[in-house]
Amino acid sequence: DDGTVVAGQRFGYDTAEKRRLVLDRVELLSEVSHRNIARVVGFCCAAAAADSGTGNALLLVHEHFAGGTLEDHLRQVKGRVLSWYHRVNIAIELASALTYLQAHDTAPTFLHDLKSSDVFLDDNLTAKIAGYKLARPVAYYYYASPSYDHDVVRNFGHLLIELLTGMRHQHPFDSVAPKVREGRLHEVIDVTLLAGKQLPAPNEEVRKVFELAVACLLSAENGLCMLGVAKELMQIVRNNIGSSSKIEISLEETFSSSSLLQMISMSPEALHHHLP
């Protein structure tokens, strides 16, 4: 009524079981509170159109972001080119949100299929994961399968490579990883970063972020977890924070406001009691 623009996602259901799953998702979203996850405004149940074939539907409403999606920016659908520092900051924000979701004992989520089209950016290019992507995993799978954590990290590796190269790779371990190992980063990095001299002064930072992305793809072998990824990303940037005068955003603000600062100094057991 006040003219606020919102985004909506429609979930159809035609059985009581599917309705329960949809409502479970709404309950999950009410438990999640993180600055990089889109805030849910509300929801309502409504009868679907007669020709939809689904019987009923739930309409989930969350905050809208005029900046479009991360995919829009990387494909240059939007006019603004993401600088190196914006991309690294977005990576840190997403790592923070995924770490929060994995460690949250009341709201573990099955979010290994996150795509750049599911990440919104606000006017300040702050990343916000679309709330409708979150869902509780099947209990058996979550608690019985050790591959769950690795799936999340590997998926983040795909997203990080997309941030660095500007495009989605179906098989980045074959197309990108070999060139990273050989130091041929200029062959895979997004050309818009090379054209505008938007890379940091020390190429060491670029190399380390690329190497971390490749390590994420191998999480099942090296045991890398999301908290470890977030720590490493922040350390890479902190080591180079004063290396260039072209920093366009305040990463220190991200550090100070992120729950990761607290998480880094805690044991895994203590994480569950100190989340935002």
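Me: How do you know what share of the chain's 276 residues count as buried?
Reply: Each relative accessible area is set against a cut-off: buried means under 20%, exposed over 50%, partly exposed in between, with a 1.4 Å probe and protein chains only. By that test, 49% of the 276 residues count as buried. Please keep in mind that this is a predicted model, where local features need pLDDT of at least 70, side-chain atom pairs count only at pLDDT 80 or more, and totals for chains, interfaces and linings use all residues. Residues are numbered from 1 along each chain as its sequence is written, and side-chain values use heavy atoms, with hydrogens and water left out.

Me: What makes residues 16-31 helix α1?
Reply: Helices are DSSP runs of H or I with at least four residues, strands are runs of E with at least two, and both are numbered from the N terminus. Helix α1 has 16 residues. Its C-alpha span, first to last, is 23 Å, close to the expected 22 Å; that expectation is 1.5 Å times one less than the number of residues.

Me: Which residues of α1 are buried, and why do they count as lying on the same side?
Reply: V22, V26, L28 and L29 are buried. They share a side of α1 because they cover an arc of only 160° around the axis, taken from the directions from the helix axis to the C-beta atoms. On the other side, A16 and S30 are exposed.

Me: What makes the phi of L125 worth a look?
Reply: Most residues other than glycine have a negative phi. L125 is not a glycine, yet its phi is positive, at about 65°. This residue lies in the loop between β4 (119-121) and β5 (127-129).

Me: Why is L125 called buried or exposed?
Reply: L125 has a relative accessible area of 4%, so it is called buried.

Me: How do you know how many cavities of 30 Å³ or more there are?
Reply: On a 1 Å grid over the protein atoms alone, a cavity is a set of points where a 1.4 Å probe fits but cannot get out; a pocket is an open set with protein on both sides within 12 Å along at least five of seven lines, and lining residues have an atom within 4 Å of a point. Searching the whole structure this way finds one cavity of 30 Å³ or more. The largest cavity holds about 30 Å³, a volume being the space filled by probe spheres set on points joined across faces, edges and corners. Its lining includes H73, R87 and D190.

Me: What makes helix α5 stand out at the second largest pocket?
Reply: Helix α5 (residues 147-165) gives the most to that lining, with seven residues. The pocket has a volume of about 310 Å³.
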